Amino acid sequence: MDRQQQYEIWVQSDLRKWEMLASFPELGIAAAVAQNRKSRTRLICVTMEKGKLVSQNLVEEVGSVPLDRRSA
């Protein structure tokens, strides 16, 4: 089986829009980068098998939504 995991950092760029910032092969590096972000950030574990997406799991979400965006 050719199964690989990578850790992706996604940042919220708009109220309903997320963009991938970076991906790393190791959790430690990805977690350190994610926690140093000031905006709302998600750390996601992505599992690929033979080049196809098998699963995506939220590892951590940090940051918050500004007060003026919460009611929308």
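How far away is the nearest side chain of opposite charge to Glu8?

## A buried acid without a partner

The nearest such side chain belongs to Arg42 and is 11 Å away, so Glu8 has no salt bridge (a side-chain nitrogen of Lys or Arg within 4 Å of a carboxyl oxygen of Asp or Glu). Yet Glu8 is buried, meaning under 20% relative accessible area, where over 50% is exposed and anything in between is partly exposed (1.4 Å probe, protein chains only). For charge, Lys and Arg count as positive and Asp and Glu as negative, while His and the chain ends are not counted.

Please keep in mind that this is a predicted model, where local features need pLDDT of at least 70, side-chain atom pairs count only at pLDDT 80 or more, and totals for chains, interfaces and linings use all residues. Residues are numbered from 1 along each chain as its sequence is written, and side-chain values use heavy atoms, with hydrogens and water left out.

## The surroundings of Glu8

Glu8 sits in strand β1, which covers residues 3-14; helices (H or I, at least four residues) and strands (E, at least two) are DSSP runs, numbered from the N terminus. Its side chain makes a polar contact of 2.7 Å with that of Gln6. A polar contact here is a pair of N or O atoms within 3.5 Å; within protein, one must be able to donate a hydrogen and the other to accept it, and residues adjacent in sequence count only if both atoms are side-chain atoms.

Beyond its neighbours within four places in sequence, Glu8 is in contact (heavy atoms within 4.5 Å) with residues including Met20, Ala22, Leu43 and Val46.

## Where charges do pair

Side chains of opposite charge can pair when their charged atoms come close. The structure holds four salt bridges. One of them joins Arg3 and Glu49, with the closest N and O atoms 3.3 Å apart. This pair links distant parts of the chain, 46 residues apart: Arg3 is in strand β1 and Glu49 in strand β3 (residues 41-49). Arg3 is partly exposed at 48% relative accessibility, and Glu49 is partly exposed at 22%.

Glu19 and Lys17 also form a salt bridge, at 3.6 Å between the closest N and O atoms. Glu19 is partly exposed at 37%, as is Lys17 at 45%.

## A shared network

Glu61 and Arg40 meet in a salt bridge of 2.5 Å, N to O. Glu61 lies in strand β4 (residues 52-62) and Arg40 in the loop between α1 (27-35) and β3, so the pair ties together parts that are 21 residues apart in sequence. Salt bridges that share partners join Arg40, Arg42 and Glu61 into one network.
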